[in-house]
Amino acid sequence: MDKIAMLERLQTHLDEVKAAHPTPRFEANKEWVSQICSLLGIPKEGAEMCAQILTHKPPTNLVWLHMAECTGCSESLLRLDKPGLESLIFECISIEYHETIMGAVGFGAKKSLHDGLKKDFILVIEGGVSLGENAYFLTSGAESITGEMECKEAAEQAQAIFAIGTCSSFGGVQAAYPNPTHAKGISSLLKQRVINIPGCPPSETNIIGSLMYYILLKTLPPCDELNRPLWSYGKNLHDLCERRARFEAGDFAQSFDDERLQDGYCLYKVGCKGPYVSNNCPKVKFNAKTSWPVRAGHGCIACSEPDFWDSFGHIEEPLNNANAYITTPKTFKTLPFIHDMNDDLSTETLCLELDTHLPTRIYKTEGENLLHCSFSAHLPILLQNLRGRNKLGARLVENYEQWRKMQPHIESVDSINHAQAEISHNMSDILKLIGEMFGERKPCALDTLKAAQSYLFAHVSKLDI
């Protein structure tokens with residue numbers, strides 16, 4: 001939604017609210033409203049309209065269900081400040097049902113739930129669920145209703161549905177191997193669209209910010225392919241990290257008792273998964289913006305990503321094959337390619353032409369080449385160029401050369417002698433170059449591909465190359 005459309009939507013919503021409720025109920029904290037607008041991408045011109053919407057609009061009803069979880073997401077919400085949760089409850093949000101903070105118990109609690117479902121409300125679900133024949137693993141309340149039934153009943157009447165935390169978004173720790181309760185994320189059982197706010201737990205800012213987006217604009221926020229709001233999960237965590245400059249300089253903490261860790265050295269070598277994560281933790285932090293794990297000295301564990309417990313390797317070890325949890329290789333999808341331009345192909349077919357003696361081509365039939373790559377296929381020159389790029393490149397080459405000297409069966413880089421250093425336009429030469437980097441005397445592109453297939457780590461980052 002662009003700036004103009006957002007302002008028009010706010011104005012329309014404000015007019016509707018003022019027509020129905022002309023008298024303001026309280027005076028909004030404009031500083032807090034401005035901060036929320038800034039986070040959500042609402043233009044500065046819209047901050048005053050947002051404040052008026054909140055002051056005129058009756059509190060938005062909220063039904064918060066607990067499934068298979070640890071209540072950590074609720075604990076995160078309780079750490080709201082400026083204004084605190086108590087102000088938010090009395091002014092902007094009416095929590096109709098929340099098992100942790102409400103006073104009702106037993107049949108009285110369930111009556112509160114059913115009464116809340118008769119109103120217009122936003123549904124928040126914390127925790128994963130077990131479905132079908134496994135649903136009995138999660139039963140709650142005096143009625144002993146299953147979590148699956150409770151979620152479906154509440155979702156039928158909800159104006160919007162938010163899955164708070166990684167457990168409700170993707171299954172979380174409950175769904176980790178061997179997943180004895182067959183837990184799953186909420187979107188796997190509901191037909192309605194579910195907005196995922198993952199994290200273990202997510203920050204209080206991401207929770208309330210996503211709810212406020214709907215309350216202010218009467219629409220769900222733009223999301224990525226995992227249904228996570230772009231305003232909070234649209235950027236790479238590594239790019240926002242305060243330790244990124246140390247990463248670029250090649251300054252890495254080697255262990256958790258490394259004295260340089262408190263000097264801001266990068267935590268990648270002690271297990272930080274930041275380059276593989278989409279989240280805004282460095283920007284909004286936790287506990288009333290006090291700190292966040294990487295600033296405190298522990299690497300990101302990728303808790304806002306699907307299957308993080310199983311597929312991101314050991315928490316305090318760098319990512320590599322030895323530390324991957326996955327035990328079976330993931331095979332590549334077959335990519336068809338042609339050698340003969342005379343093949344009968346439609347104009348919509350994307351073709352990959354591989355030949356060890358010719359430039360690699362990717363094109364639509366009879367169209368121009370879509371791939372224009374050139375690189376030095378000469379390892380010493382490649383390392384020299386990498387060394388001169390920046391401090392990180394120099395440090396990587398230094399580490400690589402030390403590793404190579406420690407391998408008795410691998411010749412040193414200086415002893416590699418090519419007849420000539422040529423610029424290659426052939427993708428298969430990259431695979432040969434990789435084989436050469438690992439010490440193969442006669443590197444073969446096919447052997448490198450087979451080795452890549454045995455790499456168990458399931459995720460990809462732009463920094464992997």
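**Exercise 1. Which are the buried residues of helix α7 (residues 147-157)?** Work this out on the predicted model shown above, then say how these residues are arranged around the helix.

*Solution.*
- Step 1: Apply the cut-off, since buried means under 20% relative accessible area. In α7 this picks out Gly147, Glu148, Glu150, Cys151, Ala154 and Ala155.
- Step 2: Look down the axis of α7. The buried residues fall within an arc of 165°, so they line one face of the helix.
- Step 3: Recall the general pattern. An α-helix has 3.6 residues a turn, so residues three or four places apart point the same way.
- Step 4: Turn to the other side of α7, where Met149 and Glu156 are exposed.

**Exercise 2. Find the order of the strands in the open sheet of 5 strands, and place the helices that pack on it.**

*Solution.*
- Step 1: Trace the pairing. The order reads β2-β1-β3-β7-β9, and the pairing is parallel.
- Step 2: Identify the edges. β2 (93-98) and β9 (195-197) each pair on one side only. From one strand to the next, the twist averages 25°.
- Step 3: Zoom in on one pair. Strand β7 (residues 160-164) runs parallel to β9 and is joined to it by 3 bridges. For isoleucine 164, the bridge partner in β9 is isoleucine 197.
- Step 4: Add the helices. Helix α6 (residues 106-116) packs on the sheet by touching β1 (60-66) and β2, and its direction makes about 135° with that of β2. Helix α7, our friend from the opening exercise, touches β1, β3 (122-126) and β7, with its direction at about 160° to that of β3.

**Exercise 3. Describe how helix α2 (residues 30-40) meets helix α9 (residues 204-217).**

*Solution.*
- Step 1: Take the geometry. The two axes come within 10 Å and cross at roughly 90°.
- Step 2: Classify the angle. Values of 65 to 115 degrees count as roughly perpendicular, and α2 and α9 are therefore roughly perpendicular to each other.
- Step 3: List the residues in contact. From α2 come Trp32, Ile36, Leu39 and Leu40, and they meet Thr205, Gly209, Met212 and Tyr213 of α9.
- Step 4: Sort the residues by class. The contact has 6 nonpolar and 2 polar residues, and no charged ones.

**Exercise 4. Is asparagine 280 buried or exposed, and what does it touch?**

*Solution.*
- Step 1: Locate asparagine 280 in the loop between α12 (244-248) and α13 (281-284).
- Step 2: Check its accessibility. Asparagine 280 has a relative accessibility of 5%, so it counts as buried.
- Step 3: Collect its contacts. Leaving aside residues up to four places away in sequence, asparagine 280 touches Asn206, Trp231, Ser232 and Leu240.

Definitions and conventions: Residues are numbered from 1 along each chain as its sequence is written. This is a predicted model: local features need pLDDT of at least 70, side-chain atom pairs count only at pLDDT 80 or more; totals for chains, interfaces and linings use all residues. Side-chain values use heavy atoms; hydrogens and water are left out. Axes are lines fitted to C-alpha atoms, for helices over the stretch in contact, and angles run from 0 to 180 degrees between N-to-C directions. Helices (H or I, at least four residues) and strands (E, at least two) are DSSP runs, numbered from the N terminus. Angles under 35 degrees count as roughly parallel, over 145 as roughly antiparallel, 65 to 115 as roughly perpendicular and the rest as oblique. Contact means heavy atoms within 4.5 Å. Ala, Val, Leu, Ile, Met, Phe, Trp, Tyr, Cys and Pro count as nonpolar, Asp, Glu, Lys and Arg as charged, and the others, Gly among them, as polar. Buried means under 20% relative accessible area, exposed over 50%, partly exposed in between (1.4 Å probe, protein chains only). The arc is that of the directions from the helix axis to the C-beta atoms. Two strands pair if DSSP finds at least two bridges between them.
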